[in-house]
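Please open the structure in the viewer and keep the selection panel at hand. The tour below proceeds by selection, from a surface patch to two helix pairs.

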Amino acid sequence: MPSARRMILGHVMSGLCSKMNRTKQLPADLMETPLNRCLNTFDITLLGIGHMVGAGIYVLTGTVAREMAGPGIVLSFILAGMVSMLAALCYAEFGTRVPKAGSAYVYTYVSIGEFWAFVIGWNIILEHMLGAASVARAWSGYVDSMLGNIVANTTMEITGEMHEKLLAKYPDFLAFGVCMSYAIALAAGVKATAMINSILTTVNVVVMSLVVVLGFWYATPANWSLPEQGFLPFGFGGVLAGAATCFYAFVGFDSIATSGEEAKNPNVSIPLATILSLCVVTIGYVLVSAALTLMIPYNEINPAAALPDAFGTRGIAWAKYAISTGAICGMTTTLLGSLFALPRCLYAMASDGLLFSCFGKVNTKTQVPLLNLAVSGLCSALLALLFDLEKLVEFMSIGTLLAYTIVSASVIVLRYRPISVEETVHLAPDTPGTDEEENPSSSSQSSAVDPSSPTSEMIEIALAGRLRPQFRWLEPILGRCEPGVACSGAVLLFCVLSVAVCFQLEVSWDELYDGTWWALGLYGFLLFCLVACIVVISAHHQNTRDLQFKVPLVPYIPALSIFCNIELMVHLSFLTWLRFFIWLSIGMLVYFLYGIRNSKEGELGTSYSMLMSTQEAIRGWGATHSAGLSGGTRVTVTKIVKGRVSRKSVDKQAIIDDDDDDS
């Protein structure tokens, strides 16, 4: 009886694991969508810039400079921008692979599996919801400061103060109204949204240029070397903490990836818009933060309205109004960007069956998911009504960093994953093996492998995920692994070791700096294991077939992105992690009670069940396999593997066994 229970439990657990690890099968026509493909590269670039340049530059700059990094905020923005660029390159490659709404959620679903895709999608929902709420709160605070705090004072006279530590000082009804108003405006359609965003972003960029020019004109270099404080008054730890918080300012390029299903030519627009917008925004943030900290000492900055007050102290009253205009425009575009991306992420998850089906409906007239927009706007408005800006910003960074980490890992996994049998079959008409069978006279012409011919592409497909010849010495360790499995395992181990290294750096940095023997030995061992993971990954062949944009230096750049993201996540506070796990626990209830049972991928069944459902299955597995790989495809793939891979382990385990040919 106990053995029977163990067998039943093992069967249930294996079925659960297979459901959690199933990947999304992409449709044959990736460009087909119920959404409106009307955005060009210019529209998408301005969408990214507008989403990134908002509350980050007008509110976050003052807070980080005053309380975290001082003049070192310049380094914080450079670090945050560099780490964001690493992740942006990975997003750009996925944008050409999968031009669908959902961004990191879809990328993870295609490469890693359903469970981690849901985790990322659930975090993206939180990220954009908090982003919209925080910007609405900043928008309200900026307008209120221009009106002499009349809104805050009147509200507290009517409602009184909220004394809960987790909540704001007073309910912000102006932020609630702003959030709902912009959600209603977005219902007009994506083209109208893009036009409004382009106009407001242009005004914002002009104001930023004005701030930089005037700031350097009135600069005082002595403000970067105050007595007993210097350029880094909070040390390099403050710079890292500032960089972790400054990630809030760079989440906009995620909305670029989300717009992939509404881009006219996503293969070109997504990577180009991602890189251009991130470069422009990083340069702008660095210049504005440098101008601010050079104009006045960092300890005299007003976090609520840093730039207007800085110019006011210099006697440039007219600049205050220009900056306030730019701030309103910038925060409006950031709010529009968050409310633009959030409904589309809900739509992508609902279309896959992981969220309630009502969120997968698109209005036929406006081609916008209106219900998603209404729910997104209401939830964001409620958060803006009750919570303070600082708590919203810190909570949002963790979800963003986690999404960046998993997307970077997904790039490595997909690069070293061998192509599936079903995908190989589609290449059969172009292979020389097929031509030989249909036209024997052409065999002499196709016997030589032309690097530019489809045959060289088939060679790359067949070798993907297998050891390179110069790394044959790893065969005793990795020779028995299926193609791609060793690379996926190395990526997982690299992430775990990165967490260990970053945590130890945070806890025992002093011991390492002093040269304590155990600290040096521990870090040496962990770094050796990290390098070993990279060596194992780079020892295998890649598959770069049909990639319009490729991340350079794979696996090194994605691995560096993973490590930097984890390092910044470690610097977030314990309360931030606690709130994150509470939100994640709610998501797990949604997934295991609804999503795992209603997933569209579960309806498709496994590859084995689909093969066995055909009429050929009556004759057994061998007949089905022969029917699935008929003719030239079976012959071609076998020839490629046997002729091009000289390793003993590969010869023993070809892609298609000779026994199948006999059957």
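The following stops describe what each selection contains.

The coordinates belong to a predicted model.

**First stop: a surface patch**

Select L75, I78, M82, L232 and F236, and display their side chains. These residues make up a nonpolar patch on the surface, and their combined accessible area is about 420 Å². Which helix supplies the largest share of the patch? Extend the selection to helix α4, residues 73-97, which contributes three residues, the largest share.

Next, centre the view on F236, a member of the patch that lies in helix α10, residues 235-246. The relative accessibility of F236 is 48%. Because partly exposed residues fall between 20% and 50%, F236 is classed as partly exposed.

**Second stop: helices α22 and α24**

Two packed helices are described by the angle between their axes and the distance between the axes. Select helix α22 (residues 485-507) together with helix α24 (residues 517-538). Their axes come within 9 Å and cross at roughly 155°. Angles over 145 degrees count as roughly antiparallel, so α22 is roughly antiparallel to α24. The crossing of this pair, α22 and α24, is left-handed.

**Third stop: helices α2 and α9**

Now select helix α2 (residues 41-52) and helix α9 (residues 190-217). How are these two helices, α2 and α9, oriented to each other? The packing angle is about 60°, and the axes lie 9 Å apart; α2 and α9 are therefore oblique to each other. Viewed as a crossing, the α2 and α9 pair is left-handed.

Definitions and conventions
Residues numbered from 1 in each chain as written. Predicted model: local features only at pLDDT ≥ 70, side-chain atom pairs only at ≥ 80, totals over all residues. Heavy atoms only, no water. Patch = residues over 30% accessible without salt bridge, like charges linked within 9 Å, V, L, I, M, F, W, Y side chains within 5 Å. Areas by Shrake-Rupley, 256 points an atom, 1.4 Å probe, with all protein chains shown as cover. Salt bridge = Lys/Arg side-chain N within 4 Å of Asp/Glu carboxyl O. Helix = DSSP H or I, 4+ residues; strand = E, 2+ residues; numbered from the N terminus. Buried < 20%, exposed > 50% of the residue type's maximum accessible area, 1.4 Å probe, protein only. Axes fitted to C-alpha atoms, helices over the stretch in contact; angles between N-to-C directions. Parallel < 35°, antiparallel > 145°, perpendicular 65-115°, else oblique. Left-handed = near helix turned anticlockwise from the far one by under 90°.
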